[in-house]
Amino acid sequence: MDVQERIKAQVGSHPIVLYIKGTPQMPMCGFSATVVQVLRASGVEQFHSINVLEDPAIREGIKQFANWPTIPQLYVNGEFVGGCDILREMFQTGELQQVLAGARNVSA
């Protein structure tokens, strides 16, 4: 299975998927830490995370998958939502909470 197929399977297998540097418990960059905080502030306690530092193929492949050059990247219901700045802005407007609520309903 090539890296694009692996990524497609990952984002398709879980309602909320976060590609980050490090883990939710130990983010390895400020942007990743911010996204974890935003998710938790939005009421999300459980989500699937992939540490891109553990797999160089995923680290580069995810950038191509979403056509988005940076990490972290959030996927909800298989769709790319955004990176740190977009998620922070969506949180402030309440849009992120609506998107995440739909994912929680799907996984229930």
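In the hairpin formed by strand 3 and strand 4, 2 residues lie between the strands, and Asn77 adopts a positive phi near 55°. The model is predicted. The two strands of this hairpin, strand 3 (residues 73–76) and strand 4, are paired in the antiparallel sense over 3 bridges. Among the bridge partners, Tyr75 is matched with Phe80 of strand 4, and Leu74 is matched with Gly82 of strand 4.

The hairpin belongs to an open sheet of 4 strands, arranged in the order 2-1-3-4 with mixed pairing. Strand 2 (48–51) and strand 4 (79–82) are the edge strands, each of which pairs on one side only. From one strand to the next, the twist averages 25°. In general, the strands of a sheet pair through backbone hydrogen bonds, in either a parallel or an antiparallel arrangement.

Two helices were found to lie across strands of the sheet. Helix 1 (residues 3–13) lies across strand 1 (16–20), strand 2 and strand 3, and runs at about 135° to strand 1. Helix 4 (residues 84–93) lies across strand 3 and strand 4, with a direction at about 80° to strand 4.

Within strand 3, Gln73 was examined further. Gln73 has a relative accessibility of 0% and therefore counts as buried. The side chain of Gln73 reaches the backbone oxygen of Trp68 at a distance of 3.2 Å. Leaving aside residues up to four places away in sequence, Gln73 touches Val17, Leu18, Tyr19, Ile62, Lys63, Ala66, Trp68, Phe80 and Gly82.

The largest nonpolar core comprises 18 residues, and those with the most contacts inside it are Leu18, Leu39, Leu74, Leu96 and Leu100. Two or more residues of this core come from each of strand 1, helix 2 (30–41), strand 3, helix 4 and helix 5 (95–107). Helix 2 makes the greatest contribution to this core, with 4 residues. A second core, separate from the largest one, has 11 residues, including Ile7, Val11, Val17 and Tyr75. In a regular strand, side chains alternate between the two faces of the sheet.

The surroundings of Leu100 were also examined. With residues up to four places away in sequence not counted, Leu100 touches Ile16, Leu39, Ser42, Val44, Leu74 and Val76. Of these neighbours, Leu39 and Leu74 are, like Leu100, among the residues with the most contacts inside the largest core.

Technical notes
Residues numbered from 1 in each chain as written. Predicted model: local features only at pLDDT ≥ 70, side-chain atom pairs only at ≥ 80, totals over all residues. Heavy atoms only, no water. Pairing = 2+ DSSP bridges. Axes fitted to C-alpha atoms, helices over the stretch in contact; angles between N-to-C directions. Contact = heavy atoms within 4.5 Å. Buried < 20%, exposed > 50% of the residue type's maximum accessible area, 1.4 Å probe, protein only. Polar contact = N/O pair within 3.5 Å; in protein donor to acceptor, adjacent residues only side chain to side chain. Core = buried A, V, L, I, M, F, W, Y, C linked by side-chain atoms within 4.5 Å.
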